[in-house]
Amino acid sequence: MADSKSGLRKPVFTKVDQLRPGTSGHTLTVKVVNAKMVMQKGRSDGPQSRQMRIAECLVGDETGMIIFTARNDQVDLMKEGATVILRNAKIDMFKGSMRLAVDKWGRVEVTEPASFSVKEDNNLSLIEYELVNVVVE
């Protein structure tokens, strides 16, 4: 009985160029190209250190790049040049373009440096999408 791990599946790793708007449940291995803090709110000196930090990090693999929105503790892991595994990541839409995010159901973990080099001429966050409603008759 100890051998069968019901419920646990081997992760299927996705490449950056396979990401599409409105999808979720992605597991990716990416390199951090750069990271910049875009918002820092809250007080760190109070009884509860309720801080809200958001950083936009350009991450990518050998197929392309995308902006990853790191929140709170995730910001500390997103160092330039680091290789991270994003588990259960989802695509958020922000002003018509794709952003990668990991919410409370996912995980960001630092791993050993990857051997690939990031393909910098394919940035998926620069592609603008338009919401089109399709009426089925």
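The paragraphs below lead through a predicted model of one protein chain, from its overall pattern to a few individual residues.

Taken as a whole, the chain contains one helix and six strands, and anyone reading along the sequence meets these elements in the pattern β-β-β-α-β-β-β. Of the 137 residues in the chain, 36% are buried, while the surface that the chain exposes comes to about 9400 Å², with carbon and sulfur atoms supplying 50% of that area. The contacts can also be sorted by distance along the sequence: among those in the chain with a separation of 6 or more, 60% are accounted for by residues that are 24 or more positions apart.

A useful place to begin a closer look is strand β3, which covers residues 64-71. Seven of the eight residues of this strand are buried, and β3 is therefore largely enclosed by the rest of the structure. Here a residue counts as buried when its relative accessible area is under 20%.

Which strands pair with β3, and in what sense does each pairing run? Strand β2, made up of residues 51-61, pairs with β3 in the antiparallel sense, and eight bridges join the two. These two strands form a hairpin, with two residues between β2 and β3. To follow this pairing in the structure, the reader can look for E56, whose bridge partner in β3 is T69. Strand β5, residues 97-101, also pairs with β3, but here the sense is parallel and the pairing extends over three bridges. In this second pairing, I67 stands opposite R99 of β5.

From there the reader may turn to strand β6, which spans residues 107-111 and includes E109. What does the side chain of E109 make a polar contact with? The partner is the side chain of R87, and the distance for this polar contact is 2.9 Å. R87 also appears among the wider contacts of E109: once the neighbours within four places in sequence are left aside, E109 is in contact with T83, V84, I85 and R87.

The last stop concerns aromatic rings. A search of the whole structure for aromatic pairs finds zero of them, where a pair would require ring centres within 6.5 Å of each other. A ring does, however, take part in an arrangement of another kind, in which the charged end of K31 sits over the ring of F116, at 5.4 Å from the centre of that ring.

How values were computed. Residues are numbered from 1 along each chain as its sequence is written. This is a predicted model: local features need pLDDT of at least 70, side-chain atom pairs count only at pLDDT 80 or more; totals for chains, interfaces and linings use all residues. Side-chain values use heavy atoms; hydrogens and water are left out. Rings of Phe, Tyr and Trp (its six-membered ring) pair if their centres lie within 6.5 Å; planes under 30 degrees apart count as stacked, over 60 as edge-to-face and the rest as tilted. A charge sits over a ring if NZ of Lys or CZ of Arg is within 6 Å of the ring centre and within 35 degrees of the ring normal. Buried means under 20% relative accessible area, exposed over 50%, partly exposed in between (1.4 Å probe, protein chains only). Helices (H or I, at least four residues) and strands (E, at least two) are DSSP runs, numbered from the N terminus. Two strands pair if DSSP finds at least two bridges between them. A polar contact is a pair of N or O atoms within 3.5 Å; within protein, one must be able to donate a hydrogen and the other to accept it, and residues adjacent in sequence count only if both atoms are side-chain atoms. Contact means heavy atoms within 4.5 Å. Accessible areas come from the Shrake-Rupley method with a 1.4 Å probe; for residues, only the protein chains shown count as cover.
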